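Trainee: I should like a close look at a single part of this model, namely the sheet and what surrounds it. Please set out the terms as they arise.

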Amino acid sequence: MSVEQPLRVGVLGLGRAFTLMLPTWAADPRIQLVACCDPHDNATALFREQFGAQAHESAQALCADPNVEWVYIATPHPWHEAHAALAAAHGKHVLVEKPMALSLAECDRMIHAAKQAGTHLVVGHSHSFDRPVGLALDLIRSGRYGQVQSVLAFNFTDFLYRPRRPEELNTAQGGGVVFSQAAHQIDVVRLLAGGLVTSVYARTGAWDKARATEGAYGALLNFESGAFAQVHYNGYGFFDSDVWMDQVGELGQIKKPLTHQATRQKRIGASDEMREVAQKAERNYGGPAYTPSASHDTAGFQHFGPVLVSCSQADLRLTPQGVEVHDVHGVQLVPCAAMDIPRQEVVDELWSIARHGASPVHGGAWSKATMEVCLGILASAQQGQPITMQHQTASYSPV
Ligand SMILES: NC(=O)c1ccc[n+]([C@@H]2O[C@H](COP(=O)([O-])OP(=O)(O)OC[C@H]3O[C@@H](n4cnc5c(N)ncnc54)[C@H](O)[C@@H]3O)[C@@H](O)[C@H]2O)c1
């Protein structure tokens, strides 16, 4: 196959995750969207019209489509294992949304299926793909600032009060912020601190009986290198930690003040589950409130809240523009190279794997290790004790 040929992607699930990835898929010439499958007819009709692509009636048919080379699995997490196995059985490479799956056994079966089929398995998008994270990793690996001693990562969002499907508010079905959000934060922290978590000690918070899943967590992670990380997530945020990201939101947009208050006010009195499901779908691709994302209000790179890395010779603050280095000489911003397409880093990774034979950064074993930490947060909070990790993989050798 010629190296110039775009990757032919079939999409399983045209919901929120797809809506957020669409600006990437649509703008990057290395991608061709060739097929989709989703029970929402309005979404598949728009997909057919926009991309001249095939809409399939079932995941099975999409995976069997000879025109599909990679399957982007953007279905709810309980489907990830089954859909990844189906794709592998048809010899298709997989990009599966975070979290990889709901248990380590599911992760193992996904890894095994891809290995048996000789196909690639990549987990993402997660915010560890963000360019400032990559830049911070390069700076750390250069050895210029000495060894990583600690990482502080936190995020105050309105996650719990955005429109949700009932499963997203039920931990047993993969709901709550540990399953839905921690993979972003843990992936970032593991990447920067070397990857090898030895133990996790955590607390979780389920503070709203009407939305009875974890909306918050705090955890202390120990690393094999001796480094430690503190991670904190609050999806009930009245406060908005984007004020400490130069008022730039998760998607790189200018964050409007009082966004969290507005999200909560929309929920007041809205107790009808079905109405809430409809509200979530309305702003997704093909829905009545769907608006294609505009690039003009992009103010910086995407991010997952403030992250500070303490190395022996400098503190590194990740910003929406790059990495701010605080050392004995003062403060200096190392800017990230400009990027025309949001989340282009995801395509960079797929392209390097598919067309240049590179190994994935966000492969099955790496992402299973992130899930081990996420599951460790839940287990530690439940048991009130630290949980030892056994399936960790390194992101770099100690400097
Ligand atoms: N990386 C990110 O920024 C990001 C953002 C949102 C969601 N996600 C992840 O994406 C996944 C989906 O979440 P979401 O918020 O998009 O949910 P969603 O409900 O908005 O979308 C899911 C879509 O999958 C479709 N679907 C469900 N079962 C299907 C099946 N068997 N075959 C084909 N289509 C099916 C639904 O009709 C829906 O359109 C989750 O794992 C979530 O964690 C990632």
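Mentor: A residue is called buried under 20% relative accessible area, exposed over 50%, and partly exposed in between, with a 1.4 Å probe and protein chains only. Because its relative accessibility is 45%, Tyr201 counts as partly exposed. The model is a predicted one, in which local features need pLDDT of at least 70 and side-chain atom pairs count only at pLDDT 80 or more, while totals for chains, interfaces and linings use all residues. Residues are numbered from 1 along each chain as its sequence is written, and side-chain values use heavy atoms, with hydrogens and water left out.

Tyr201 belongs to strand S8, residues 197-205. Strands (E, at least two residues) and helices (H or I, at least four) are DSSP runs numbered from the N terminus; the chain has 15 strands and 12 helices.

On the surface, Tyr201 joins Leu220 and Phe228 in a nonpolar patch whose accessible area is about 270 Å² together. Such areas come from the Shrake-Rupley method with a 1.4 Å probe, and for residues only the protein chains shown count as cover. Patch members have over 30% relative accessible area and no salt bridge; nonpolar side chains (Val, Leu, Ile, Met, Phe, Trp, Tyr) are joined within 5 Å, like charges within 9 Å. A salt bridge here is a side-chain nitrogen of Lys or Arg within 4 Å of a carboxyl oxygen of Asp or Glu.

Strand S8 is one of 9 strands in an open sheet of mixed pairing, ordered S14-S13-S12-S11-S7-S10-S9-S8-S15. The edges are strand S14 (330-335) and strand S15 (387-388); each has a single partner strand, so one side of each is left without a neighbour in the sheet. Two strands pair if DSSP finds at least two bridges between them.

Towards the S14 edge, strand S13 (residues 322-327) pairs with S14 through 6 bridges in the antiparallel sense. These two strands form a hairpin with 2 residues between them, and Val325 has Gln332 in S14 as its bridge partner. Strand S11 (residues 307-311) and strand S12 (residues 315-318) are also antiparallel, joined by 4 bridges, with Leu308 opposite Arg317 in S12.

As for the whole chain, buried residues make up 55% of its 399 residues. Its accessible surface comes to about 17,000 Å², 54% of which belongs to carbon and sulfur atoms. The C-alpha trace spans about 60 × 55 × 45 Å along its principal axes.
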